Every structure is written in C-alpha cells, then in structure tokens.
Amino acid sequence: MQTKKEKAGYGMMLLPPMESFIPKDHYLRRLDKVLDLDFIHNVVKSNYCQTNGRPSIDPEVIIRLFLIQAMDGITHVRDLMRQVQVNLAYRWFIGYELDEKLPDHSTLSKALDRFGDDVFNELFQRSISQCQKSGLIEGKVLHVDATTIRADIDKRRVNRPDSSDQDARFGHFPDGTLKPGYKQHTVADGKHRVIVGLSVTPANSSEHNSAVAVIDKAIRSLHTSPEVVCADAAYGSGENCRKMLDRGVRLVSPPPKVRTDKCFTTEDFEYDAKKDVFICPAKSTLKYIGGVHGRPKQRRYAGLRSVCRICKLKDKCTKSDRRTLKVSSNHASLIHLRADSKTESFKQLYKSRAPVIEGIFGEAKEWHGLRRAWRRGLSKMLIQSFLIASVINFKRLGAVLLHYLLKIKLLKDISERIWSVLRHYLRQKSLAPINQR
C-alpha cells in the first residue's frame with residue numbers, strides 16, 4: 001500500500017508540463033518572448049566567488065523575480081515569494097517546477113546589495129534599445145516631468161541621524177501635503193509612450209534644475225537629439241530654454257506669467273541683445289550697471305537720472321529718480337520662449353504632453369507599485385524605478401508582438417479561406433459534365 005507521500009509523488013509524475021497550464025495570451029508569456037537576459041551572468045560575474053562557497057541562485061532567476069514584483073506591483077519580497085509559491089505562471093516564468101524549493105526572500109534582499117543599481121540600469125537601457133530597434137521610438141518629440149513617491153519611513157524620522165532612510169526628504173505631493181519621499185524625473189518618447197530616460201532625487205529637489213541632466217541621459221541612450229522637448233510650467237524658464245537651444249532642441253513649456261500692476265513691467269521694455277540694452281516705452285536706453293548681490297544669475301539695467309526725471313511717462317514707470325530693471329542673464333531666451341508660446345504649433349505640442357507623460361505616471365503607480373518606495377535609500381529607489389520603467393517598455397514590446405502575431409494569424413486565416421474556396425471551385429469544375437465545361 002502506497003503512503004500519502006508516495007501517492008503525491010506518483011501524481012506529480014503524471015502531470016503534464018507546467019507550460020501547458022499557462023494561457024497562451026498570459027502577460028508573462030508576452031514578457032518572456034521579448035525578454036533577453038543573457039547579459040546578466042557577465043554583468044554580475046565579479047560579484048560571485050567562482051571557486052568557493054555554496055551553489056548560488058541563478059542571477060537570471062533573481063532578475064525575473066524582481067520583474068514579477070514590478071509587473072504586478074508587489075510591495076514586499078516576502079509577499080512576492082508567497083505568491084510565487086502558489087502561482088503556476090510565476091513558477092513557469094522563473095523556470096521552477098512544482099516540486100522545486102524556491103529561493104528564500106532574504107536572497108533577493110542580499111542580491112540588491114550585491115548587484116547595485118548598475119545591473120538594473122543595464123536592463124532598462126536594453127529595454128530602450130529593443131524598443132528603438134522595433135520602431136517604437138521616434139525620437140523627435142520627448143516629454144519630461146517628475147512625480148513624487150512616498151518613502152517607506154515615518155515622517156518624524158526624516159533627515160535625522162538615526163533615520164532608517166538617510167536620503168528621503170520632505171516634498172510637496174499632489175494632495176497638497178508635505179510628505180517624506182523621492183522624485184522620479186522621467187523622459188518619454190511621444191510616439192508609443194516608451195520611457196527613454198529617468199533619474200531619482202530626494203523629494204525636495206527642484207524639477208527645473210533636473211530637467212537638462214535627465215534629457216541628456218535620454219539623448220545618450222537614443223544616440224540622437226530630439227527636435228522638441230515638452231514639459232509643464234515648472235520647467236519653463238529662460239535658462240532651460242537657452243540650454244535646450246544650445247542643443248538644437250525646441251522647449252515647449254509655458255513661460256512664467258508676466259507680472260501686472262500699474263507700473264510698466266519688464267515685458268514693456270524692448271531688449272536689444274546685440275547691444276545688451278533695454279529700450280523703455282519712451283524710447284530711452286537702460287544700460288547694464290552690474291549684477292545683483294547674492295543672485296549670480298541676475299543682472300541690473302538702469303536709465304539716466306537726467307532723462308528719467310523729466311520723462312512724461314515717469315508716473316507709469318517708477319517712483320524713484322530713475323528706472324531700474326532686474327532680469328535673468330537668460331532674458332533673451334525667455335523672450336524667445338514667450339514669443340514661441342503664442343504660436344499654434346507650440347499649443348498643439350503642449351496638448352500632447354499630458355496623455356503621454358502623466359499617462360505613464362498613472363500606469364506606473366496604479367499597476368506597478370511606483371506610488372510608494374519598496375525599500376529605503378536612494379539607490380534602492382532608483383532600482384525600483386529602473387525595474388518599473390523596464391516592464392513598462394517591455395509591455396510596449398509585448399503589445400507590438402501580440403499585434404504582429406494576430407496579424408499573421410489573420411493573414412493565415414484569409415489565405416486558408418481563399419485556398420478552400422479555390423479548391424471547392426476546382427473540384428466542382430472537374431466534376432461538371434463535358435457539355436457544361
């Protein structure tokens with residue numbers, strides 16, 4: 001008589017291959033078809049002892065487990081491994097049979113410290129390259145924006161010597177509150193919403209100051225420069241406009257609003273970039289008189305006292321004995337941006353921004369777990385961002401593959417239908433009487 005354990009083993013032998021249980025249209029099947037992890041072993045080789053120690057878990061298995069975590073937005077590795085224990089699709093995706101013992105959750109945590117963020121950056125870069133080779137990236141119009149991510153830390157412990165997350169900082173969240181967290185600065189291509197660049201900073205960092213660096217990262221990844229970069233008003237400035245123009249890129253971002261009051265504003269003065277002077281509404285000249293103390297990026301211009309005192313427009317201009325202007329050193333670029341913002345092409349391009357970049361943030365937070373940090377520290381937050389961005393890009397690739405397969409199936413069905421009709425016609429013709437032929 002067989003024991004219960006023997007019966008279980010006998011039953012296992014009769015089971016069909018695990019792959020047969022996975023639906024043909026399962027999302028992990030599509031991910032597996034576009035996934036190329038051959039590079040992993042070479043990248044992490046230096047992190048493993050080749051001649052000593054216990055047999056290690058295949059690093060490709062570890063990466064696949066992290067991809068499952070990002071694909072389904074599973075916050076904790078303990079929960080991830082519990083679900084892998086009972087989920088056939090998960091087991092199939094990592095290459096484990098039903099009777100194989102799974103890695104301990106601590107193995108994944110140790111792997112993050114061992115691998116660092118370089119491995120996951122390489123995974124992200126390869127997702128970009130695959131999308132580019134598949135024609136999913138046009139590279140002409142890029143969209144940049146930042147989103148806040150809640151850190152896994154009590155707000156009372158932020159920026160303290162004993163804090164469990166030394167990198168998290170307070171930042172403004174969409175609900176108007178201050179919370180500890182991070183910012184993910186993201187660049188996406190406008191054609192198929194593929195993520196082509198990202199960086200992570202503490203939540204108190206400026207979006208404005210991070211724009212050019214993350215765009216340059218995207219340009220290096222694509223090996224080509226875009227024609228247009230679209231961004232919200234947080235990025236609209238003379239400085240960013242100048243830096244984009246230096247790169248041959250048009251910045252589509254609403255410029256700062258013009259201050260309105262009873263007196264003439266800077267916008268009422270005409271700037272002559274060649275002479276570096278301003279012309280006032282009364283056609284007098286204001287010349288450069290020096291910088292602004294404590295503000296190295298600002299410049300001061302002033303008119304002559306003898307001219308301003310007797311000017312007929314003085315009441316609308318200044319209460320002082322002469323008019324002084326304080327402007328940015330990139331004022332000429334700001335004027336260019338203001339003029340460009342009034343064109344129809346600028347307005348149409350700006351309308352395309354929200355569906356692309358905000359749609360990506362919504363997708364990442366709703367489905368892939370970007371709403372909250374899974375782990376603590378800037379490097380771990382960067383790994384999470386790389387993983388989520390990679391699976392989003394792989395989803396785009398999977399959708400294209402599915403479309404291609406459906407198209408092939410449709411063509412095959414049409415071809416078979418045509419041959420069936422043709423065979424039926426030829427058969428009927430061969431059976432017809434001679435006098436009817």
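## Exercises on a pocket and two helix pairs

The second largest pocket holds about 370 Å³ of space. The model examined here is predicted.

**Exercise 1.** Determine which residues and elements line the second largest pocket, and what character this lining has.

*Solution.* Begin at the centre of the pocket. The lining comprises 18 residues, and the closest to the centre are Thr266, Lys326, Val327, Ser328 and Leu334. Next, consider the elements. Two or more residues of the lining come from each of β10 (295-302), β11 (324-328) and α13 (331-340). Finally, sort the lining by residue class: four residues are nonpolar, six are polar and eight are charged.

**Exercise 2.** Describe how helix α9 (residues 207-222) is placed against helix α10 (residues 238-246).

*Solution.* Two packed helices are described by the angle and the distance between their axes. For α9 and α10, the axes come within 10 Å and cross at roughly 10 degrees. Because angles under 35 degrees count as roughly parallel, α9 is roughly parallel to α10. The crossing of α9 with α10 is right-handed. The contact itself joins His208, Ala211, Val212 and Ile215 of α9 to Glu239, Asn240, Lys243 and Met244 of α10. By class, the residues of this contact are four nonpolar, two polar and two charged.

**Exercise 3.** Carry out the corresponding description for helix α5 (residues 77-86) and helix α7 (residues 105-115).

*Solution.* Take the axes of α5 and α7: they come within 8 Å and cross at roughly 130 degrees. This angle makes α5 oblique to α7, because it lies outside the ranges for roughly parallel, roughly perpendicular and roughly antiparallel. As for handedness, α5 and α7 form a right-handed crossing. On the α5 side, the contact is made by Val77, Arg78, Leu80 and Met81, which meet His105, Leu108 and Ser109 of α7. The residues of the α5 contact with α7 divide into four nonpolar, two polar and one charged.

Notes:
Residues numbered from 1 in each chain as written. Predicted model: local features only at pLDDT ≥ 70, side-chain atom pairs only at ≥ 80, totals over all residues. Heavy atoms only, no water. Axes fitted to C-alpha atoms, helices over the stretch in contact; angles between N-to-C directions. Helix = DSSP H or I, 4+ residues; strand = E, 2+ residues; numbered from the N terminus. Parallel < 35°, antiparallel > 145°, perpendicular 65-115°, else oblique. Left-handed = near helix turned anticlockwise from the far one by under 90°. Contact = heavy atoms within 4.5 Å. Nonpolar A, V, L, I, M, F, W, Y, C, P; charged D, E, K, R; others polar. 1 Å grid on protein atoms, 1.4 Å probe; cavity = no way out; pocket = protein on both sides within 12 Å on 5 of 7 lines; lining within 4 Å. Points joined across faces, edges and corners; volume = space filled by probe spheres on them.
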